[in-house]
Amino acid sequence: MTSPSQVEEALAGGRLTIDLAALQANWRAMREASGDAATAAVVKSDGYGLGIEPVARALQAAGCGTFFVALPDEGRRVREAIGEAEIFVLAGLTGDNARAYRHAGLAPVLNSSNDVAVWARLAREAETPLPCALHIDTGMNRLGLTPAEADDLAADAAALAALAPTLVMSHLACADEPDHPLNGEQLARFKAAARQFPGVRRSLANSAGVFLGADFHFDLTRPGIALYGGECVVGMPAHTQPVATLEGRILQVREAKRAESVGYGATHVLDRDSRIAVVGVGYGDGYPRAASGSGVPMSTAGSGAVGAIGGHRAPVLGRVSMDLTAFDVTDVPEPVLEKAEWVELIGRTIPVDEAARAAGTIGYELLTHLGRRYVRHYVGDTKNGN
Ligand SMILES: *Cc1c(COP(=O)(O)O)cnc(C)c1O
């Protein structure tokens, strides 16, 4: 044991392996699915928890030239990591940060008439249009100009000339439910609003939107979760391959007798003589307490999460605690258990969305809550991106 990363791993309670080649393959799959549209990458919230810099670098190597982040500081980090690229910041302008955007080479997504006025003023001052996107809210009531505000802007030739937006976009509220009537309504509103900005690239689809069909693709798609191997359409398995593997170190395997209890609150009482693997990962690492095994009152969503050893499933027993979680390994074959050092919590056997559902949440939340205590390994040849 000589390398720093081996030492780091030896000292960690959990191990997070991020397959950048799988991330790149997923981006290419989303580009295929996007037909004639170009494909951006959404890397907000620290690259959906997987590390914004390595994620952005790998996607750039795969051929991605346009990135979306939530916050300007995330945009700054992407810019520093990858240099040349188009970086849109969804939060838009706040306070007096327009100059900071310009300084960092970031394109704000303009979400209000005020954003538009501030950015147009800066562009006039600069005597050149500065990159930006216009966001039109077509039915979500989150961020964006109302269609009426977009009409006003379209009629304001001077403001438009100063702005010269590089993208007009909107965001779907229900793309994960293909039959939801709001999808078609948003599509119609977006088409009508965007028509007023001829020649400007248009973007509507997130991951799930890509699968709503070619009508939703326009010029640029904006997948996020699908790049990271998460499910995006309700009731459908993920369209892309897993990227993150989370494993907890087995600290101890112990035998316990029928009728004994496991963990805080003695919520789980064993119904057979059992073998229990105690693992060094807990809610302090973002492994949700709501994923506790049966008998925990707060867990209304399911019967608790399941881990895996060598492909053999091992249910969580009792409450997840801060640093420890107990797994029932009674049914894991002896030779497999003997050699095992880790329990898979998320990965090929336990998809991220299965673990999330067990905790009453979604893959997005589980990924973005991944903790800071894991030793992180980035694998996959990222140079061979195309
Ligand atoms: C987060 C986000 C996306 C990506 O959504 P996914 O469901 O992760 O694909 C796209 N566009 C906007 C505006 C977003 O906020």
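The following exchange concerns aromatic pairs, backbone angles, cavities and pockets in a predicted model.

Biologist: Is the aromatic pair of Y48 and Y364 stacked, edge-to-face or tilted?

Modeller: A pair of aromatic rings is described by the distance of the centres and the angle of the planes. The centres of the Y48 and Y364 rings are 6.2 Å apart, and their planes stand at 40°. Stacked pairs need planes under 30 degrees apart and edge-to-face pairs over 60, so the pair of Y48 and Y364 is tilted.

Biologist: Which helices does this pair link?

Modeller: Y48 and Y364 are 316 residues apart, and the pair links distant parts of the chain. Y48 belongs to residues 44–48 and Y364 to residues 363–368, which are helix α3 and helix α14.

Biologist: Is Y48 buried or exposed, and what holds for Y364?

Modeller: Buried means under 20% relative accessible area, and Y48, at 5%, therefore counts as buried. Y364 has a relative accessible area of 31%. That value lies between the limits of 20% and 50%, so Y364 is partly exposed.

Biologist: Which residues form one aromatic cluster with Y48?

Modeller: The model holds five aromatic pairs. Y48 and Y364, already described as a tilted pair, belong to one cluster, and the residues that join Y48 there are Y228 and Y364.

Biologist: What is the geometry of the pair formed by F190 and F218?

Modeller: The ring centres of F190 and F218 are 5.0 Å apart, with 85° between the planes. An angle over 60 degrees is the criterion here, so the pair of F190 and F218 is edge-to-face.

Biologist: Why does this pair tie together parts that are apart in sequence, and how many residues separate them?

Modeller: Both F190 and F218 are buried. F190 lies in helix α10 (residues 181–194), whereas F218 lies in the loop between α11 (207–210) and β10 (220–221), so the pair ties together parts whose separation in sequence is 28 residues.

Biologist: Which residues that are not glycine have a positive phi of about 50°?

Modeller: Most residues other than glycine have a negative phi, and most peptide bonds are trans. One residue with a positive phi of about 50° is in helix α3 and is partly exposed at 34% relative accessibility. Another is in the loop between α11 and β10 and is buried, with a relative accessible area of 14%. They are S45 and F218.

Biologist: What is the volume of the largest cavity?

Modeller: One cavity of 30 Å³ or more is found in the whole structure. Its lining comprises H135, I136, D137, T138, M140, R142, L143 and H171, which divide into three nonpolar, three polar and two charged residues. The volume of the largest cavity is about 40 Å³.

Biologist: Which residues lie closest to the centre of the largest pocket?

Modeller: The largest pocket holds about 730 Å³ of space. α3, α11, α13 (352–358) and α14 each give two or more residues to its lining, and domain 1 (20–228) and domain 2 (244–379) each contribute at least three. Of the 34 lining residues, the closest to the centre are K44, Y48, H171, N206 and Y364.

Biologist: Which residues lie nearest the centre of the second largest pocket?

Modeller: The second largest pocket contains about 270 Å³ of space. β11 (244–256), β12 (261–262), β14 (274–279) and β17 (325–328) each supply at least two residues of its lining, which has nine nonpolar, four polar and three charged residues. Nearest its centre are V262, G263, I276, V278 and A326.

Technical notes:
Residues numbered from 1 in each chain as written. Predicted model: local features only at pLDDT ≥ 70, side-chain atom pairs only at ≥ 80, totals over all residues. Heavy atoms only, no water. Phe/Tyr/Trp six-rings, centres within 6.5 Å; stacked < 30°, edge-to-face > 60°. Helix = DSSP H or I, 4+ residues; strand = E, 2+ residues; numbered from the N terminus. Buried < 20%, exposed > 50% of the residue type's maximum accessible area, 1.4 Å probe, protein only. 1 Å grid on protein atoms, 1.4 Å probe; cavity = no way out; pocket = protein on both sides within 12 Å on 5 of 7 lines; lining within 4 Å. Points joined across faces, edges and corners; volume = space filled by probe spheres on them. Nonpolar A, V, L, I, M, F, W, Y, C, P; charged D, E, K, R; others polar. Domains from an automatic or database assignment.
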